[in-house]
Every structure is written in C-alpha cells, then in structure tokens.
Amino acid sequence: IQADGTDGNCVTFVLHDEDHTLGNSLRYMVMKNPDVEFCGYCITHPSESKINFRIQTRGALPAVEPFRKGLNDLMGVCQHVLSTFERSMKEFRAQK
C-alpha cells in the first residue's frame, strides 16, 4: 500500500500470517540502513494474523529496496543461527 502523495519513498506493506516475531526482527534489520528515515510495524488486531509494516526513506530510494534487503539479511542471520546450532548438535552427539 503506497501512501497518497508519495513517489514510493513511503510505503506500508501488509504481511499476512505474521506477528511480532517477524515484525520486530525485520524492523531491526531495516533500521540498520542509513537511508531509512522511519520504519515501524503494528498488529492490526489481536484476532488477525497480519501486520502493517511501514518504511519511509530519504532521497530517491524506493522503500521496497530496504524492505527486500532487510528480508534477505534476516534470512542470512537465520541461516547462520541454524547452521551453528546444527554444527553444535553434531559435535555434542559425537562426544557421547
């Protein structure tokens, strides 16, 4: 959903079947970008499983770019945690 009167710098993305787990993690990753002026999310209603995720950027950077980068960076972090956990479990089982 693009805000009225903007040219793509201020966009609200609606993420279905998500909650605070993705919202807060993604907000953290997106805010690491210095070109992002504002990033936040809200749960629309406790009985609905969707979030509104809003990004506003500085300059001519479209909001979809930091959104995409944040998702990719978050996937990389999750993959690192998973591989570290699996490696540790393998080492633990080898010691027994």
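Okay, a bit of vocabulary to start: a crossing is left-handed if the near helix is turned anticlockwise from the far one by less than a right angle, and right-handed if clockwise. Helices here are DSSP runs of H or I with at least four residues, strands are E runs of at least two, and both are numbered from the N terminus.

What you see is a predicted model, where local features need pLDDT of at least 70, side-chain atom pairs count only at pLDDT 80 or more, and totals for chains, interfaces and linings use all residues. Residues are numbered from 1 along each chain as its sequence is written, and side-chain values use heavy atoms, with hydrogens and water left out.

So, the crossing. Helix 1 passes helix 2 in a right-handed way. Their axes (lines fitted to C-alpha atoms over the stretch in contact, with angles from 0 to 180 degrees between N-to-C directions) come within 8 Å and cross at roughly 110°. That makes the two helices roughly perpendicular, a label for angles of 65 to 115 degrees. Who makes the contact, meaning heavy atoms within 4.5 Å? From helix 1 we have Leu22, Ser25, Leu26, Met29 and Val30, and from helix 2 Pro66, Phe67, Gly70, Leu71, Asp73, Leu74 and Val77.

Let's stay with helix 2, residues 64-95. Its 32 residues should span 46 Å, taking 1.5 Å times one less than the number of residues, and the end C-alpha atoms sit 47 Å apart, so the two agree. Pro66, Phe67, Gly70 and Leu74 are buried there, which means under 20% relative accessible area, with exposed being over 50% and partly exposed in between (1.4 Å probe, protein chains only). The buried residues of helix 2 pack against strand 1 (10-16), helix 1 (20-31), strand 2 (36-43) and strand 3 (50-57).

Arg87 is in helix 2 too, and it counts as partly exposed because its relative accessibility is 47%. Its C-alpha is 36 Å from that of Ile43, 44 residues away along the chain.

Now over to strand 3, and Thr57. Buried or exposed, this Thr57? Buried, at 4% relative accessibility. Leaving out residues up to four places away in sequence, Thr57 touches Asn9, Asp35, Val36, Glu37, Pro62, Ala63 and Pro66. With Glu37, the C-alpha distance is 5.0 Å, although they are 20 residues apart in sequence.

Last stop: Asp17, in the loop between strand 1 and helix 1. Asp17 isn't a glycine, yet its phi is positive, near 60°. At 63% relative accessibility, Asp17 counts as exposed.

Technical notes
Contact means heavy atoms within 4.5 Å. Angles under 35 degrees count as roughly parallel, over 145 as roughly antiparallel, 65 to 115 as roughly perpendicular and the rest as oblique.
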